[in-house]
Amino acid sequence: MGLDLHVIDDGDGILDEILPHIFDYRFSTTGGGGIGLYYAKEIVSKMRGKIIVNNKKSSGVEFIISFSK
């Protein structure tokens with residue numbers, strides 16, 4: 001048993017070409033710092049969780065943050 005947190009963005013989604021890089025330190029497509037998703041993954045990993053990206057929605061993207069007990 002565990003906990004799953006679903007964060008859904010109804011925007012344009014993420015291009016398949018950049019999907020492997022979205023958690024890389026300083027990677028940004030918006031001119032931002034590129035540290036938000038990097039640190040989110042670091043924190044979740046330190047808590048023994050994982051982040052799954054569902055980019056196959058009809059629009060937008062879904063991040064599933066999972067923690068096992």
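In this predicted model, the charged end of lysine 41 sits over the ring of phenylalanine 23, at a distance of 5.1 Å from the centre of that ring. This contact between a charge and a ring is a convenient place to begin, and the aromatic residues of the structure follow from it.

A pair of aromatic rings is described by the distance of the centres and the angle of the planes. Two aromatic pairs are found in the structure. In one of them, the ring centres of tyrosine 25 and tyrosine 38 are 5.1 Å apart and the ring planes stand at 70 degrees, and because planes over 60 degrees apart count as edge-to-face, this pair is assigned to that class. The two partners come from distant parts of the chain, since tyrosine 25 belongs to the loop between E1 and H1 whereas tyrosine 38 belongs to helix H1, with their positions 13 residues apart in the numbering. The other pair joins tyrosine 38 to tyrosine 39, where the centres are again given as 5.1 Å apart and the planes as 70 degrees, so that this pair too is edge-to-face. Tyr25, Tyr38 and Tyr39 thereby form one aromatic cluster.

How buried or exposed are the members of this cluster? Tyrosine 25 has a relative accessible area of 49% and is therefore partly exposed, the limit for an exposed residue being over 50%. Tyrosine 38, with a relative accessible area of 23%, is partly exposed as well, because buried would require a value under 20%. Tyrosine 39 has a relative accessibility of 40% and likewise counts as partly exposed.

From the rings the account can pass to the charged side chains. A search of the whole structure finds one salt bridge, and the partners are lysine 56 and aspartate 16, whose closest N and O atoms are 3.4 Å apart. A separation of 3.4 Å meets the criterion because a salt bridge requires the nitrogen to be within 4 Å of a carboxyl oxygen. This bridge also links distant parts of the chain: lysine 56 is placed in the loop between strand E2 (49–54) and E3, aspartate 16 is placed in the loop between E1 and H1, and the two are 40 residues apart. In terms of accessibility, lysine 56 is exposed, with a relative accessible area of 65%, while aspartate 16, at 45%, counts as partly exposed.

The loop between E1 and H1 holds a further residue of interest, arginine 26. Although arginine 26 is not a glycine, its phi is positive, at about 70 degrees, and with a relative accessibility of 54% the residue counts as exposed. Arginine 48, in the loop between H1 and E2, also has a positive phi in a residue other than glycine, here near 60 degrees, and arginine 48 is exposed, with a relative accessible area of 77%.

Two separations between C-alpha atoms help to relate positions along the chain to positions in space. Glycine 36, which lies in helix H1 and is exposed at a relative accessible area of 52%, is twelve residues from aspartate 24 in sequence and 9.8 Å from it in space, C-alpha to C-alpha. Serine 59, in the loop between E2 and E3, counts as partly exposed at 40% relative accessibility, and its C-alpha atom is separated by 19 Å from that of proline 20, a residue 39 positions away along the chain.

The last part of the description concerns empty space. Rolling a probe the size of a water molecule over the atoms shows where empty space is left. In the largest pocket there is about 370 Å³ of space. Its lining is made up of 20 residues, of which Ile22, Phe27, Thr29, Thr30 and Leu37 are the closest to the centre of the pocket. Which elements each supply at least two residues of this lining? They are strand E1 (2–9), helix H1 (36–46) and strand E3 (61–68), and H1 gives the most, with three residues. Sorted by class, the lining of the largest pocket consists of ten nonpolar, eight polar and two charged residues.

Helix H1 thus recurs in several parts of this description, as the element that holds tyrosine 38 of the aromatic cluster, as the place of glycine 36, and as the contributor that gives the most to the lining of the largest pocket.

Definitions and conventions
Residues numbered from 1 in each chain as written. Predicted model: local features only at pLDDT ≥ 70, side-chain atom pairs only at ≥ 80, totals over all residues. Heavy atoms only, no water. 1 Å grid on protein atoms, 1.4 Å probe; cavity = no way out; pocket = protein on both sides within 12 Å on 5 of 7 lines; lining within 4 Å. Points joined across faces, edges and corners; volume = space filled by probe spheres on them. Helix = DSSP H or I, 4+ residues; strand = E, 2+ residues; numbered from the N terminus. Nonpolar A, V, L, I, M, F, W, Y, C, P; charged D, E, K, R; others polar. Phe/Tyr/Trp six-rings, centres within 6.5 Å; stacked < 30°, edge-to-face > 60°. Buried < 20%, exposed > 50% of the residue type's maximum accessible area, 1.4 Å probe, protein only. Lys NZ or Arg CZ within 6 Å of the ring centre and 35° of its normal.
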